[in-house]
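Colleague: Could you walk me through this model? I would like to start with the surface and then look at some details.

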Amino acid sequence: MSQTVDRALSILPLLAEGPADLGQVADRLGVHKSTALRLLRTLHEHGLVYRQSDQRYRLGARLFALAQEAMENLDVREIAHPHLIRLNESCGHTVHLAVYEENEVLYIDKVESRYPVRMYSRIGKPVALTVAAVAKLLLADLPEHERRAVAEKLDYPSYTPRSTPNATAFLRELEKVREQGWATDLGGHEESINCVAAPIRGADGRVVAAMSVSAPNVVVTADELLTLLPLVRRTADAISGEYSGRTPVKGTV
């Protein structure tokens, strides 16, 4: 039975490459055409493959519907939380998870620092779009015309001397973030707080969330915090893999 299931599932990635006839499927599986036909018929009955008028097979609409339903029911916070906990246990600093919804970037999860100096942030609170590292990642992933439209509508408060001053500078920063795949806020919102962040991507490669590690200068310097960037990126990659179904569940730290 397990071999039959394995063979049937092996047909799906073949058809993802494009339509294939019975002979091509049999050759790829290394089985007789009668065996391949039996497997294809079973998949066809469940709507996972479709037989075209030219007698070739392609992926069925039911497969796409199942994939869409699964994506809609995924909870990135639920998937990410164990990883955020492990990252916090490893570095000791505050860890945030944020998403972009209705023109705001919101924290949807937070793991507190083990140090007595805590950050004033809470789940459900919007972040400062023009300076927050997680906001930069989420906005940098928008199509160019959307990035520009958002940037031109924003106000640019001078939280600190390091705050982003205007739309031109913000768009330049977003392009840099988009190219390098990570972001920082080094005293842009609060002079004493630094932050490094990495993106969490879905199966299509788009950024669905962003996670960060933040700490005050009295605990670690900005340079010391930047040394955690590889760990932050590995954690984000692990969450991305689990969220998109590309990798098995495993520890990251």
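Modeller: The accessible surface of the protein comes to about 13,700 Å², and 50% of that belongs to carbon and sulfur atoms; such areas come from the Shrake-Rupley method with a 1.4 Å probe, and for residues only the protein chains shown count as cover. Please keep in mind that this is a predicted model, where local features need pLDDT of at least 70 and side-chain atom pairs count only at pLDDT 80 or more, while totals for chains, interfaces and linings use all residues. Residues are numbered from 1 along each chain as its sequence is written, and side-chain values use heavy atoms, with hydrogens and water left out.

Colleague: How many of the residues are buried, as a percentage?

Modeller: Of the 253 residues in the protein, 47% are buried, where buried means under 20% relative accessible area, exposed means over 50%, and partly exposed lies in between (1.4 Å probe, protein chains only).

Colleague: And what is the radius of gyration, set against a compact globule?

Modeller: The protein has 23 Å, whereas a compact globule of 253 residues would have a value near 18 Å; the radius is taken over C-alpha atoms, and the globule rule is 2.2 Å times the number of residues to the power 0.38. Along the principal axes, the C-alpha atoms fill a box of roughly 70 × 40 × 25 Å.

Colleague: New topic: how many disulfides are there?

Modeller: A search of the whole structure finds 0 disulfides, a disulfide being a pair of cysteine sulfur atoms within 2.5 Å.

Colleague: Why is there no bond for Cys 91?

Modeller: Because the closest cysteine sulfur to that of Cys 91 is in Cys 195, 11 Å away, which is too far for a bond. Cys 91 is buried, with a relative accessible area of 10%, and Cys 195 also counts as buried, at 8%.

Colleague: What about Gln 55, where is it?

Modeller: Gln 55 sits in the loop between strand 1 (49–51) and strand 2 (57–59), where helices (H or I, at least four residues) and strands (E, at least two) are DSSP runs, numbered from the N terminus. Although Gln 55 is not a glycine, it has a positive phi of about 70°, and with a relative accessible area of 39% it is partly exposed.

Colleague: Last one: which residues does Val 31 touch?

Modeller: Leaving out residues up to four places away in sequence, Val 31 touches Arg 7, Ala 26 and Ala 36, with contact meaning heavy atoms within 4.5 Å. Val 31 lies in the loop between helix 2 (22–29) and helix 3 (33–45), and it counts as buried at 14% relative accessibility.
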